[in-house]
Structure formats: structure tokens, C-alpha cells
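Reader: Hi! Could you walk me through this one before I set anything up?
Author: Happy to, here it is.
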Amino acid sequence: MQRADGRVRGALDDLGVTTGDVDRLCAVAPDDVAPAAHLSFARNVFVPLTTACRYTCTYCTYFDPPGEASLMTREDVREVLETGADAGCTEALFTFGDKPDDRYEAIHARLDAWGHDSIHEYLHEMCELALDVGLLPHSNPGDLQRDEMAMLAEVNASMGVMLETTADVDAHAGPRRKTPEQRLDTIRAAGEVGVPFTTGILVGIGEDWEDRAESLLAIRELNERYGHIQEVLVQPVVGNERWNGPTPDAGTLRRAVAMARVALPEAVSIQVPPNLAPVREVLDCGV
Ligand code: SF4
């Protein structure tokens, strides 16, 4: 087990995640769960508002470094939204990495020229645009403070951020390190403002089975407090130009999905991204 560091350990203890619960969840196998009664999918149009991100996760190809990152204009966003609406989409999925830091001078200069102090303000305006076009906004803007969450919740049908793992993994290494306690705080903030929320775990970034169980149980406990988790993703890391580590095999994914199904109540959907995982091989594990 990579073991959560001291601050995360404290947060997990506060949530009531116990060693006994972790051990019981680790004992779950695919045969312990039944296939879901039905499968569903979201008709969403993907809006990558910016490729800037203050973090540098070692498995991620989404972010671009300062000087290379894109920022969609209002016109770009409107065109994508209208194309999606015309194609029958019902949801606008706004993604970016995490709040761009000061290195992204060009991004901040453009936001300033467009009359916004932050990417979150701009996102708010783009969510209003999505509503005008007839789409339900769902935003994934990374870690948020409670006031940022409250501001964005006004214009989002739902929001999300991946917990990924409660473990302290090298994949999040670097001077701008993404931390599990920030992620837990973001999920808690979503609960406090009452916005329906999607989160999940990333499988294969250096965590082990106890870490996966601990992460799923942390999500469960936050949902028990706030009742705001609508969906939990079980997402495998995949090889790319920044990640040359192993990709979890189907057996690993099947077991992780089964654990998620057991950890979360039936009202919470378990999702495996069909573009990143062998979905057919996990359909009987509670997806
Ligand atoms: S926070 Fe997200 S977008 Fe940013 S580097 Fe990490 S995985 Fe990529």
C-alpha cells in the first residue's frame, strides 16, 4: 500500500474509513456482484475549454505547457455547443485540467481582455451559453474552493472531479503536485453546496488494492454525508506519449469495478469509459 500521507490519513479517519472496511472491500470478487439491470449513456458534447493546467500528472496527455495551451473563444464554444445540440446531445461536458497558475501568462491575458478575472468566471459565462443553446452544463474544472463551487453550481446541472486515489503516488510528482486531500475537499465542497457530482478512481497509477478500496470507501462516506454522488468512474490508465507504465489488465479492471459496485449504493451508477477500457469485459461486474 502506498499509504496516504498524514493529512490524508486524518481526512480518512474523519470520514470513518476503517482498516476492517478496507479489508472487506478488498475481498470482493467479480462473482460477488450481479450485472446491472440496464446500461445507460450520456449524450454529451465535449467542450475542452482550455488545455492549461497547473498540475503535471505524469500519465496525462490533456494538458499543454505554458505558451502552448489553448483557450476556446466564445465563438468556438458556441459553434461546438450548437453542433452538439443539432446532433441530439443533451449535455455540455466542459473540461479542463485545473486552474491555470501564473505560468500561463497568455491564458490570463486573454481572460483579462475578455473581462474575466479567472477561468471559473469564464466557465460560468460559457455554462450560461450552453443553457441558452438548450444543453445541460456538466463541468469538470478540477479542484475548487467552496465559494468557487457555489458560484459554478448556479449554472451546472451536475459537476465532477476524479478523486483518482487517496494514495501518495509518484505519478502526481513534481513541484505542482495534485494532492488527495485537495480532491477530497473538492468533493466535500460539492456536497456542501448540494450539486450532483461525478467522481471516480484511476486504476494503475501506482496505487494498490488497499488504496483502491480506501478511495472507494472515502467516496462512499462523503456520499453518505451529503448524498450528492451520482456516478463513480473506474478508469484505467492507458499508455501514451507521457505514460509508459503498464495498463491494468481486464482482470484488474473487473475486480476494481466489482469493488466499486459493492462500495457504493445502487443509486450511484458505476461507469467505465468505453474509449479507454474493454467495456464488454466488465459488463457483468456491475457497470
Ligand atoms: S490535473 Fe488533470 S489535466 Fe491536469 S495534469 Fe493532472 S490529469 Fe492532466
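Author: We can go through the sheet, the helices on it, the ligand and a few single residues.

Reader: Sounds good. Is this experimental or predicted?
Author: This is a predicted model.

Reader: Okay, the sheet then. What is the strand order?
Author: The order is E1-E2-E3-E4-E5-E6-E7, in an open sheet of 7 strands with parallel pairing. At the edges sit E1 (44–48) and E7 (269–271), and each of these pairs on one side only. On average, neighbouring strands are turned by 20° against each other, with direction ignored.

Reader: And which helices pack on the sheet?
Author: H8 is one of them, touching E5 (197–203) and E6 (229–236). The direction of H8 makes about 170° with that of E5. H9 packs on the sheet too, where it touches E5, E6 and E7. For H9, the angle with the direction of E6 is about 165°.

Reader: Back to E1 for a second. How many bridges join it to E2?
Author: There are 5 bridges between E1 and E2 (residues 91–95), and the two strands run parallel. Val-45 of E1 has Ala-92 as its bridge partner in E2.

Reader: Which residues of E1 are on its covered face, and which on the uncovered one?
Author: Val-45 and Val-47 make up the covered face, while Asn-44, Phe-46 and Pro-48 are on the uncovered one. In a regular strand, side chains alternate between the two faces of the sheet.

Reader: Nice. How many bridges pair E3 with E4?
Author: E3 (residues 136–140) and E4 (residues 158–160) pair over 2 bridges, in the parallel sense. His-138 stands opposite Ser-158 of E4.

Reader: Switching to H2: which of its residues are buried?
Author: In H2 (residues 19–26), the buried ones are Asp-21, Val-22, Leu-25 and Cys-26. They are on the same side of H2, because they cover an arc of only 135° around the axis. Thr-19 and Arg-24 are exposed, on the face turned away from that buried side.

Reader: What does the buried side pack against?
Author: The buried residues of H2 pack against H8 (209–226) and H9 (250–263). H8 and H9 came up earlier as helices that pack on the sheet.

Reader: Now the ligand. What surrounds it?
Author: The residues around the ligand are Cys-53, Tyr-55, Cys-57, Tyr-59, Cys-60, Tyr-62, Phe-63, Gly-97 and Lys-178. By class, that shell has 7 nonpolar, 1 polar and 1 charged residues.

Reader: Any odd backbone angles? Where is Glu-164, for instance?
Author: Glu-164 is in the loop between E4 and H7 (180–193). Its phi is positive, about 70°, although Glu-164 is not a glycine. Most residues other than glycine have a negative phi.

Reader: Is Glu-164 buried or exposed?
Author: Glu-164 is buried, with a relative accessible area of 8%.

Reader: And Leu-129, what does it touch?
Author: Leu-129 lies in H5 (residues 119–133). Leaving out residues up to four places away in sequence, Leu-129 touches Arg-74, Val-77, Arg-78 and Leu-81. Leu-129 and Leu-81 are 48 residues apart in sequence, with 8.5 Å from C-alpha to C-alpha. At 10% relative accessibility, Leu-129 counts as buried.

Reader: Last one: Glu-79, buried or exposed?
Author: Glu-79, found in H3 (residues 74–86), counts as exposed at 53% relative accessibility, because the cut-off for exposed is over 50%.

Reader: Great, thanks for the tour!

Definitions and conventions
Residues are numbered from 1 along each chain as its sequence is written. This is a predicted model: local features need pLDDT of at least 70, side-chain atom pairs count only at pLDDT 80 or more; totals for chains, interfaces and linings use all residues. Side-chain values use heavy atoms; hydrogens and water are left out. Buried means under 20% relative accessible area, exposed over 50%, partly exposed in between (1.4 Å probe, protein chains only). Helices (H or I, at least four residues) and strands (E, at least two) are DSSP runs, numbered from the N terminus. The arc is that of the directions from the helix axis to the C-beta atoms. Contact means heavy atoms within 4.5 Å. A residue is near a molecule or strand if one of its heavy atoms lies within 4 Å of it. Ala, Val, Leu, Ile, Met, Phe, Trp, Tyr, Cys and Pro count as nonpolar, Asp, Glu, Lys and Arg as charged, and the others, Gly among them, as polar. Two strands pair if DSSP finds at least two bridges between them. Axes are lines fitted to C-alpha atoms, for helices over the stretch in contact, and angles run from 0 to 180 degrees between N-to-C directions.
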